[in-house]
Amino acid sequence: MDKTLCSVIGIVAYIIFAPVIGGLLAGIDRKITARMQGRIGPSILQPFYDVSKLFSKETFKLNKGQYVYMFCFLLFAIFTGACFFGGFDLMLVFFVLTTAAMFFVIAASVANSPFSRMGAMRELVQMLSYEPMILLVAVGFYLATGTFNVSEIVKSDVSAIAYLPVIFIGLLYVLTIKLRKSPFDLSTSHHAHQEMVKGVTTELSGSMFAVLEITHWYENVLLLGVVGLFIVNSSCISIIVAIVVCFLAYFLEILIDNTSARVKWDFMLKSAWMVTLIAGVVNILLLPVLMDLF
């Protein structure tokens, strides 16, 4: 199939199906969490009902700029995923993803609320924690495959995880931060244990909060796509294996979320950087040996 046509199909599929998959993942998250806590839990479709209801509610605007920044957050998140599933440069994908996150921070900062601004500051700390590992993932793919291009990486004869097993583990560690799961849910929380009320999302309501939820759905699909990129190779069977690995990774994040207590920001920052340093050094040292084996 023509490379351009494949890119177009990937982009269109992501734009259309990512919010559906992301919403279903959010519903599965709620259901599994409820079961772990001895409850029945809501329907898997509940996130869609919630977002639909949010759009019908009045939006309380503290600052008109919030609308602009939240929609920029959504648009840049969509653009990021489109670049990834369109097979473009992985470094571009991660840089645009960071830009999208910055719009979210700005949207929270412009609100005249101490809780929202404190959440924004903590969101920045979380970004400082996971960004080095995210960049290391891109560098690792380049060292293992010789390219940053996603469309070329998936054509490799050997899955990248064979060359980057320690970096893969490091990615799973910081994925907990990026997904805002306990013990690293410092800026906001899906559970009722946040001392800042809802932190970075405190002043978001109605349609703005609905936009935030949809953006997170897009983001989550992209992040799981990066997990799957470690598995996918030139074999069609690898796609099925990648989907299974993505579900297992997501289940692991849910399990960690429900079995750990929230830590302080300094522990998150130090531990994430330590994991990044160890993963980078160990995997780069092992890379020549692993490449000879495979």
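Which residues do ring pairs link into a cluster with Tyr 14? Keep that in mind while we look around, and remember that this is a predicted model.

Okay, the answer: Phe 84, Phe 85 and Tyr 218 join Tyr 14 in that cluster, linked by ring pairs. For context, searching the whole structure turns up eleven aromatic pairs. Let me take you through two of them.

One is Tyr 14 with Tyr 218. Their ring centres sit 5.4 Å apart and the planes make an angle of 55°; planes count as edge-to-face only over 60 degrees and as stacked under 30, so we call this pair tilted. What I like here is the distance along the chain: Tyr 14 is in helix H1, residues 3-36, while Tyr 218 is in helix H8, and 204 residues separate them. Both tyrosines, Tyr 14 and Tyr 218, are buried.

The other pair is Phe 73 and Phe 104. This one is stacked, with 4.9 Å from centre to centre and 5° between the planes. Phe 73 comes from helix H3, residues 65-85, and Phe 104 from helix H4, residues 90-109, so the pair ties together parts 31 residues apart in sequence. Again, Phe 73 and Phe 104 are both buried.

Now back to H8, where Tyr 218 sits. The helix runs over residues 206-229, so that's 24 residues. From first C-alpha to last, H8 reaches 35 Å, close to the 34 Å expected at 1.5 Å a residue. And H8 is mostly covered: of its 24 residues, 23 are buried.

So, if you have the structure open, start at Tyr 14 and follow the ring pairs through the cluster with Phe 84, Phe 85 and Tyr 218.

Note on methods
Residues numbered from 1 in each chain as written. Predicted model: local features only at pLDDT ≥ 70, side-chain atom pairs only at ≥ 80, totals over all residues. Heavy atoms only, no water. Helix = DSSP H or I, 4+ residues; strand = E, 2+ residues; numbered from the N terminus. Expected span 1.5 Å × (residues − 1). Buried < 20%, exposed > 50% of the residue type's maximum accessible area, 1.4 Å probe, protein only. Phe/Tyr/Trp six-rings, centres within 6.5 Å; stacked < 30°, edge-to-face > 60°.
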